[in-house]
Structures are given as structure tokens and as C-alpha cells.
Amino acid sequence: MIEETTITRAIAGKYMEKLLKSVESDVCIVGGGPSGLVAAYYLAKNGFDVSLFEKKLSLGGGIWGGGMMFNRVVVQGNALEILDDAGIEYEKYDDTHYVVDAIELASGLTYNAIKAGAAIFNLINVEDVMIRDDRMAGLVINWTAVEISNLHIDPMTVACKAVVDATGHDASVCNIVARKTGKLSLAGEKYMWAEKAEEAVVENTSEVYPGLFVTGMSVAAVYGLPRMGPIFGGMLLSGRKVAELVKEKLRY
Ligand code: 48H
């Protein structure tokens with residue numbers, strides 16, 4: 001017999017179980033766009049406890065709308081390996097450019113991150129950070145609904161060994177760390193230049209403050225790099241690279 005109260009107990013109990021497990025993680029990823037999801041996938045696959053916080057209802061960030069709401073994105077050849085790992089299909093357009101269905105990319109990357117073992121929390125906004133002895137120690141989180149409704153409700157905190165800022169153009173975490181420590185400065189994203197931007201984003205994916213790593217468009221915001229429009233290879237490669245950097249860092 002179906003019982004409404006059992007449904008309530010099942011949802012509340014199981015959510016709480018997941019949240020309590022994420023009170024301490026190896027890695028916290030902020031933002032569930034392409035770079036954050038790819039980082040979550042590779043880190044979880046390598047056995048790390050990963051918690052990803054996304055402030056919106058859906059995961060996928062800027063993928064869904066493709067270019068100007070045409071729900072297709074372009075990925076260049078050197079990032080196809082990541083699509084293959086995730087079982088996402090693509091169509092060759094010419095020797096350099098491949099076309100991917102934006103819906104398949106957003107849902108495929110999300111599915112793979114979950115299946116690899118990452119704990120994904122939507123509707124949670126990261127509003128502050130926890131720092132100890134000049135090193136990232138965790139995140140301060142609250143419901144997005146609290147932020148939107150401007151209610152005066154204190155947040156709660158989760159601890160981790162490394163934080164990945166995958167918040168896209170906002171570079172939210174880096175902005176907070178810059179403002180509150182004075183030990184990081186953001187150069188600000190520059191004009192469109194796809195070829196240069198794609199390479200530079202991957203090259204500059206790095207640790208920008210002890211325990212704080214940047215990936216995706218946040219890299220452009222920190223390092224003053226150009227933007228690239230609806231080509232996503234750089235985002236995928238940056239997500240995979242940040243996973244490698246975090247992996248190396250947490251080994252020691
Ligand atoms: C929780 C947060 C917070 C917060 C933000 O924008 P994204 O898709 O990020 P990337 O860097 O993985 O991909 C960028 C790509 O989508 C893009 O915009 C490109 C390639 N643009 C090029 C151009 O020229 O314009 O995803 C970031 C995610 C979003 O879902 C936000 O909602 C989320 O981060 N987010 N989540 N707490 N404080 N801030």
C-alpha cells in the first residue's frame with residue numbers, strides 16, 4: 001500500500017543521509033557546468049569523495065542553450081576523448097570542429113558524474129568560504145531559495161581538503177577569497193577570441209590560492225583571458241586537468 005508519510009520519510013531520511021556524508025569531503029566543487037561536471041566525474045572515478053554544489057535547479061550550466069538558443073555546441077578534436085569516456089555522441093563537421101547535441105552533453109555529463117559516485121546537490125548556493133591557516137578548509141552553503149527571497153537565515157558549513165571554483169563567468173569563490181583575504185586578484189574576462197581562449201583556459205587551469213583550484217570560465221575571469229563563445233572543448237579539457245591537479249595535490 002502506498003503511504004504518503006512513507007514517501008516523506010524516505011525522501012527526508014535519504015536526503016539527510018547524503019547531506020551528512022558530504023559534511024566532510026575530499027573535494028568540494030562549486031558549480032555544475034561542463035567543467036565542474038567533468039572534474040566531478042574524473043575525481044569520483046579515481047576514488048575521491050566529491051560533493052558538487054549547484055545553485056540552480058538543473059545541472060549543466062551554460063550548455064543547454066547551445067549558441068544563441070540553437071541547442072548544439074561545438075567541440076574540437078582534442079577533447080573528443082572526454083566525450084568518448086562519457087558515451088556522448090558527436091558529428092564531424094570538418095577536421096577541427098565536431099558538433100554535439102547540447103541536451104545530450106548536459107544530461108550525459110551529469111549522469112556520468114553521478115554514476116562515478118559524486119554527490120550532487122542542486123538548489124544550494126555557495127555564499128562564503130572557510131579558511132584555516134591561509135588554506136581553504138570548506139564552504140558556507142545555503143538554499144538558493146533563501147538568497148532569492150532575501151530571508152535573514154544563517155547558512156551552514158561543509159569541510160573539504162580542496163575546493164574547485166567551477167562557477168563560470170562569475171568566478172564566485174575566487175571573488176570571495178579575493179575580497180576576504182586580499183591574497184588573490186582577478187584580472188577579469190576579456191573579449192572574444194575563440195582559438196586563443198580555448199588554449200589559454202586549459203593552460204591556466206591551476207591552484208590559485210592554497211587548496212583553491214579554478215576551472216572553466218572562472219580561469220578566464222582570474223587570469224584576464226579572452227572568451228570563446230559556444231565551443232566547449234576547453235571547458236571539458238579544463239575540467240579533466242583540474243581533476244589531475246587536485247589528485248596530485250591530495251596525494252601528499
Ligand atoms: C553554486 C554556482 C555559484 C555559487 C555559480 O557557467 P558554467 O557553465 O561554467 P563552466 O565554466 O563550466 O562553462 C562555461 C560555459 O558554460 C560558458 O558559459 C562558455 C563556454 N562561455 C563562453 C563565452 O564566451 O561566453 O556553469 C557554472 C555553474 C552554473 O550552473 C551556476 O549556476 C553555478 O555554476 N554557480 N553554484 N554556488 N555561488 N555560482
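## Around helix α7

What covers the buried residues of α7? The cover includes β3 (72–76), α8 (217–223) and α9 (233–251). The helix itself spans residues 194–204, and its buried residues are A197, E198, A200, V201 and V202. Buried here means under 20% relative accessible area, exposed means over 50%, and partly exposed is anything in between, with a 1.4 Å probe and protein chains only. Helices and strands are DSSP runs numbered from the N terminus: H or I over at least four residues for helices, E over at least two for strands.

A couple of notes on the input: this is a predicted model, so local features need pLDDT of at least 70 and side-chain atom pairs count only at pLDDT 80 or more, while totals for chains, interfaces and linings use all residues. Residues are numbered from 1 along each chain as its sequence is written, and side-chain values use heavy atoms, with hydrogens and water left out.

## Helix α9 and G234

Helix α9 has 19 residues and reaches 27 Å from first to last C-alpha, close to the 27 Å expected at 1.5 Å a residue. That expected span is 1.5 Å times one less than the number of residues. The buried set in α9 is G233, G234, M235, L236, L237, S238, G239, V242, A243, V246, K247 and L250.

G234 is a handy residue to click on. It sits in α9 and is buried, with a relative accessible area of 1%. Leaving aside neighbours within four places in sequence, G234 is in contact (heavy atoms within 4.5 Å) with Q76, E198, V201 and V202. E198, V201 and V202 are among the buried residues of α7. G234 also has a distant partner in sequence: its C-alpha is 8.6 Å from that of S35, 199 residues away along the chain.

## Salt bridges

How many salt bridges does the rule give? The count comes to 10, where a salt bridge is a side-chain nitrogen of Lys or Arg within 4 Å of a carboxyl oxygen of Asp or Glu. One of them joins D26 and K161, with the closest N and O atoms 2.9 Å apart. That pair links distant parts of the chain: D26 is in strand β1 (residues 24–30) and K161 in strand β9 (residues 156–165), 135 residues apart. D26 is buried at 14% relative accessibility, whereas K161 is partly exposed at 46%.

Another pair is R72 and D101, with a closest N to O distance of 3.5 Å. Here R72 belongs to strand β3 and D101 to strand β5 (residues 97–101), 29 residues apart. Both ends count as partly exposed, R72 at 45% and D101 at 26%. Back in α9, E244 bridges to K247 at 3.2 Å. These two are three residues apart in the helix, which means about one helical turn separates them. E244 is partly exposed at 37%, but K247 is buried at 13%.

## Sheet and hairpin

Three strands make an open sheet in the order β3-β5-β4, with antiparallel pairing. β3 and β4 (91–92) are the edge strands, each pairing on one side only. Strands count as paired if DSSP finds at least two bridges between them; β3 and β5 have five. In this pairing V73 stands opposite V100 of β5.

Elsewhere, eight bridges join the antiparallel strands β7 (residues 124–132) and β8 (residues 135–143). M130 has G138 in β8 as its bridge partner. Two residues lie between the strands of this hairpin, where D133 takes a positive phi near 45°.

## V208 in strand β10

Is V208 buried or exposed? V208 counts as buried, at 15% relative accessibility. V208 lies in strand β10 (residues 206–209) and, not counting residues up to four places away in sequence, touches C174, L184, V214, V222 and Y223. K183 is 25 residues from V208 in sequence, with 9.5 Å between their C-alpha atoms.

## A nonpolar patch

On the surface, I2, I7 and I11 make a nonpolar patch of about 340 Å². Patches are built from residues with over 30% relative accessible area and no salt bridge, joining like charges within 9 Å and nonpolar side chains (Val, Leu, Ile, Met, Phe, Trp, Tyr) within 5 Å. Areas come from the Shrake-Rupley method with a 1.4 Å probe; for residues, only the protein chains shown count as cover. I11 is found in helix α1 (residues 4–21) and is exposed, with a relative accessible area of 58%.
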